[in-house]
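Please work through the exercises below with the sequence and the model open beside you, and try each task before reading its solution.

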Amino acid sequence: MLFRVSKTIIVKCPFCGSDKVSKNGHNKTGKQVYNCNNKECKHRNFIENYVYKACKPEVREQVLKMTVNGTGTRATGRILGISKDTVTPILKNKKMDLASKL
Ligand SMILES: [Zn+2]
């Protein structure tokens, strides 16, 4: 017998990193809302979109390095396995960082 293994996405709270989360319906824009069940976490709920690999500093750094080396936004996202919609805000934030230092 063949079983199709469905992809399990482990959702973690972006604030405390706990994987003790439960689904809590959808918000107005149709995004999945999660509850964080970690009692010590100050953020009790979060939206699926916040769960980005790009939240990790090492991914952010990688994005910036690749951009410096001339890799386009799309290519960067493809190589790192994140969407270009994730890459773009990282670059925007970086520009803001630089602007605030001037
Ligand atoms: Zn949490």
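## Exercise 1: the sheet

Three strands make up an open sheet, ordered β1-β2-β3, with antiparallel pairing; strands are DSSP runs of E with at least two residues, helices are DSSP runs of H or I with at least four, and both are numbered from the N terminus. The edge strands are β1 and β3 (45-47), each of which pairs on one side only, where two strands count as paired if DSSP finds at least two bridges between them. This is a predicted model, in which local features need pLDDT of at least 70 and side-chain atom pairs count only at pLDDT 80 or more, whereas totals for chains, interfaces and linings use all residues. Residues are numbered from 1 along each chain as its sequence is written.

Task: work out how many bridges join β1 to β2, and which residue of β3 is the bridge partner of Tyr34.

Solution. Begin with β1 and β2, which run antiparallel and are joined by four bridges; His26 stands opposite Gln32 in β2. Next, look at the hairpin of these two strands, where five residues lie between the strands and Gly30 takes a positive phi near 85°. Then move to β2 (residues 32-36) and β3, which pair in the antiparallel sense over three bridges, with Phe46 in β3 as the bridge partner of Tyr34.

## Exercise 2: the core and Cys41

Task: find which residues form the largest nonpolar core, and decide whether Cys41 counts as buried, partly exposed or exposed.

Solution. A nonpolar core is a set of buried Ala, Val, Leu, Ile, Met, Phe, Trp, Tyr and Cys residues joined through C-beta atoms within 7 Å. A residue is buried if 20 or more other C-beta atoms lie within 10 Å of its own, exposed if 12 or fewer, and partly exposed in between, the C-beta atoms being placed from the backbone. The largest such core has five residues, namely Cys13, Val21, Tyr34, Cys36 and Phe46, while of the 102 residues of the chain 11% count as buried.

Now turn to Cys41, which is placed in the loop between β2 and β3. Cys41 counts as partly exposed because it has 18 C-beta neighbours inside 10 Å. Leaving aside residues up to four places away in sequence, Cys41 touches Cys13, Phe15, Cys16, Ser18 and Cys36, a contact being two C-beta atoms, placed from the backbone, within 7 Å. The C-alpha atoms of Cys41 and Cys16 are separated by 6.1 Å, although these residues are 25 apart along the chain.

## Exercise 3: helices and confidence

Task: establish what span helix α1 reaches, and where confidence is lowest in the chain.

Solution. Read along the sequence, the pattern is β-β-β-α-α-α. Helix α1 (residues 57-68) has 12 residues and reaches 17 Å from its first C-alpha to its last, close to the 16 Å expected at 1.5 Å a residue, where the expected span is 1.5 Å times one less than the number of residues. After α1 comes Gly70, with a positive phi near 90°.

For confidence, use pLDDT, the predictor's confidence in each residue, from 0 to 100. The chain averages 80, and 76% of the residues score at least 70. Confidence is lowest in helix α3 (residues 84-101), at a mean of 76, and highest in strand β1 (residues 21-26), at 92.
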